[in-house]
Amino acid sequence: MGIVSTGRFHGVERSEIGLTYLPVPDFLAFSLPETHIALITNEGSLLTTKVQEALEKQGNKVVILNLPQLNKATTGNVIDLVETTDEAIATALATIEQQYGKVGTFIHLHPHLEFQNGQFAQHFQQDKTIVKTVFLLAKHLQKPLNELGQNQRANFLTVSRLDGQLGLGKRGNVSVVGGGLTGLVKSLNLEWSPVFCRAVDIQPELAVEEIAGQVIAELHDADLNHIEVGYSQQGRQTISAIPVDTQENQEIRTTVTPDSVFLVSGGARGVTASCVVEMAQSFACKFILLGRSDDAFEVPAFAKMESDESTLKRLIMEDMKARGEKPNLATVKSIFNNIIAKKEIEDTLTQIREAGGQAIYLKGDVTRLATLKPGLAKATATLGRITGIIHGAGRLADKYIQDKTETDFENVLSVKLDGLLILLQCVDIHHLDHLILFSSVAGFYGNVGQTDYAIANEILSKAAHLFKTNHPNTQVSAINWGAWDGGMVSPELKKKFEEAGVSLVNSQGGTAMMVNELNVAYANQPQVIIGGTLPMAISHISDQLQTFHVHRKLDPDQNPFLMHHVIQGNAVLPVVNAVGWMAQSCERLYPDFRIYKVEDTRLFKGVVFDGQQPTDFTLELKEIEKGKTSIVFEATVLSQGGKLPTYHYKAKITLVHRQEKMARPTFEHQLSGTYTASEGSVLYQDGSLFHGKYFQGIESILDWNREGIVLSCRAPEVPLSEQGQFPIGTVNTFFSDIQYQGMVIWVQKYHDGAKSLPLQTKSATIYEAVPFGKELFVKVNIVEDTEFKMMANCTVYDEDGKVYMYTEGATVTVSKDLKW
């Protein structure tokens with residue numbers, strides 16, 4: 001065990017990977033036109049039949065596509081896919097359209113494949129072929145799905161059964177190649193804004209009826225924010241990146257020593273080479289660098305001191321003419337590339353030696369073991385046994401999915417996946433200290449034009465978790481790198497990233513982070529993100545104003561926070577949570593928009609959980625205005641209980657695009673000087689307020705008079721699982737309730753102990769989301785006070801006067817008969 005110091009990270013961020021709770025999805029009602037069908041791939045078991053039956057129960061016409069090498073369905077509308085070639089898939093889809101109709105919903109059911117006796121590559125080729133088939137199906141479904149999605153719901157779903165936890169469930173015998181489907185779906189979600197895209201991973205041990213039911217639930221989910229979802233006995237979850245504060249210039253403990261020997265693919269040039277040089281400077285260790293470039297190439301004398309591209313190409317042409325050869329572009333480019341490659345290889349080797357390390361370069365194809373074995377035998381005889389692998393090789397073929405080819409898919413995946421298998425065959429995997437896989441945020445977030453690259457990198461990340469499960473003594477890390485400033489990022493792409501607010505990984509910070517990742521403190525973190533995110537999805541804005549009907553089964557057992565809002569022995573849904581339900585449901589339909597204003601909020605009949613309450617609610621979201629920068633909804637919550645529906649809540653919701661810069665006021669913090677500050681916690685103890693700890697946010701009362709009240713508040717942290725079906729978003733409903741509490745205690749003081757409940761609100765404007773745990777101030781300014789109601793304007797602001805939310809015309813009842 002050694003100790004080294006990390007360098008400066010220069011603003012490069014590190015995020016850890018974890019699973020985040022998701023509530024049961026709301027059900028968005030929709031149906032396909034009679035001209036369209038639901039197409040499902042047959043994974044060879046009873047599950048296909050159960051999903052077929054569930055879809056047909058919803059009124060869908062269903063067609064089953066049998067894949068080669070899997071058990072075939074024989075009943076219903078069935079089409080056999082004879083081959084998994086681009087041409088055969090196009091033919092099969094044309095036949096389906098001709099016989100049954102256009103595809104409006106596509107669901108791929110992926111088989112659950114387990115390997116035996118540690119043979120993790122046992123199903124590799126079959127699994128990869130199925131993933132390629134889905135990739136090519138997506139290519140040919142691009143047109144019909146996007147056409148349908150212009151004005152109504154069109155769907156693309158994949159269903160895997162790794163572990164129900166998106167590959168993080170620590171299973172040691174599951175083929176993870178199907179885990180790459182999440183990369184495909186996340187990239188399609190960016191390319192196909194009119195189409196609902198979702199990748200679902202479900203625990204294989206669950207009953208097929210339950211799995212089929214969850215597939216339907218995900219198909220009808222009204223929340224477009226989550227692209228990948230896991231479902232298991234632990235509940236419904238998604239995978240999240242959690243930013244962590246990483247200290248730079250710190251000493252770290254590591255098992256890398258000067259005797260460590262790393263086998264490095266793609267390690268002599270580019271980003272991987274930069275990381276290797278930094279490692280040599282920190283550890284003075286040894287490297288076997290693999291690459292496709294020919295190190296035997298001799299750099300011509302005229303090129304030794306020249307690096308400018310145009311000058312070099314001119315000199316190459318002059319040299320060819322001098323030797324009596326006729327210059328052509330292909331030859332000039334080839335010679336130029338050889339010159340640059342040889343220079344970069346020599347420069348990398350020199351830097352490693354100067355840093356105190358040792359390195360040998362081997363020319364070979366990382367996807368072909370035979371090209372590596374002879375050179376590796378000599379290299380290990382010189383440097384010693386290989387103790388670590390760094391798989392940095394990669395290849396791009398950036399195109400939209402409809403322009404991709406089978407060759408693109410094979411070329412991009414072979415370097416990452418076949419390359420990994422070959423590298424593992426070059427070492428003793430039972431005595432491997434380090435396995436470092438260069439993955440990418442293109443897999444974690446998806447990326448436009450990189451469906452194949454995203455698939456490959458997601459498989460690498462899943463493979464890291466699998467390898468760590470089976471080899472706990474190996475330090476494994478799939479580094480999901482953000483885009484580097486340089487590397488594969490062209491100047492044009494860099495400009496687009498900057499416009500989208502995406503930060504690039506700089507070379508100094510990125511390489512220092514690479515060294516830091518070898519910290520033994522991270523030994524049990526097989527996947528990490530280093531760098532920023534990628535551009536988020538663009539919401540599709542249809543030409544027509546739409547009305548959405550979103551159904552929710554409201555279950556108090558799924559909403560533990562309700563037990564912190566109990567009146568007269570019964571849990572009561574706070575009005576602010578009902579408003580949040582309406583507003584944030586609008587936001588979830590358009591992920592790159594945010595809630596800006598909530599107007600004309602009205603309470604008709606609250607929801608009291610007394611055993612007599614309705615359980616099935618419908619949220620009607622009616623678009624009344626829509627444009628590229630703002631969308632206005634009329635939202636209504638109602639339930640069915642008799643001949644006529646019961647109306648519960650109503651509001652007008654305005655969303656604005658997240659890139660819109662809305663004018664934000666400031667507020668001057670002023671106190672009257674006539675009131676001595678008092679402790680807020682007393683209010684929850686003496687019966688003034690009935691709220692449980694999740695709503696106990698008043699820390700102190702700073703001012704209190706006939707004109708209003710000033711509070712110092714801090715919303716207590718509420719775990720996501722406790723928020724249940726009402727998770728916060730742009731609107732922190734738990735904090736919103738706190739400002740109404742200020743109105744309640746004001747009424748008590750000036751109306752002889754009368755109690756209050758929210759009645760209606762004219763408008764609430766949200767300038768910034770209120771986080772949990774942050775001290776903020778609330779100024780309640782009384783504008784109307786009668787025997788039966790009180791109205792106020794409320795401003796939420798911080799110590800710098802920055803306004804987070806302004807509420808106008810907040811009205812509460814005044815009742816001396818109401819008892820908590």
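Biologist: What makes the sulfur of Cys713 too far from the closest cysteine sulfur for a bond?
Modeller: In this predicted model, the closest cysteine sulfur belongs to Cys794, and the gap is 10 Å. A disulfide needs the two sulfur atoms within 2.5 Å, so Cys713 doesn't get one.

Biologist: And how many disulfides does that rule give?
Modeller: Zero. Take Cys426: the nearest cysteine sulfur, in Cys285, sits 19 Å away.

Biologist: Why does Cys713 count as buried?
Modeller: The cut-off is under 20% relative accessible area. Cys713 comes out at 0%, so buried is the word for it.

Biologist: Why is Pro526 called buried?
Modeller: Its relative accessible area is 12%, and buried means under 20%, so Pro526 qualifies. Pro526 sits in the loop between helix H14 (507–516) and strand S19 (527–530). Among the residues Pro526 touches are Ala464, His465 and Val476. Ser461 is 65 residues away from Pro526 in sequence, yet the two C-alpha atoms are 7.9 Å apart.

Biologist: On to H3. How do you know that its length agrees with its 25 residues?
Modeller: You multiply 1.5 Å by one less than the number of residues. For residues 124–148 that gives an expected span of 36 Å, and the end C-alpha atoms are 35 Å apart, so the two agree.

Biologist: Where does H3 bend?
Modeller: At Leu141, by about 50°, with Pro144 following within four residues.

Biologist: What makes you say H3 is largely enclosed by the rest of the structure?
Modeller: Of its 25 residues, 19 are buried, so that description of H3 follows.

Technical notes:
Residues numbered from 1 in each chain as written. Predicted model: local features only at pLDDT ≥ 70, side-chain atom pairs only at ≥ 80, totals over all residues. Heavy atoms only, no water. Helix = DSSP H or I, 4+ residues; strand = E, 2+ residues; numbered from the N terminus. Buried < 20%, exposed > 50% of the residue type's maximum accessible area, 1.4 Å probe, protein only. Contact = heavy atoms within 4.5 Å. Bend = angle between axes of the 7 residues up to and from the residue. Lists of a residue's contacts leave out its neighbours within four places in sequence.
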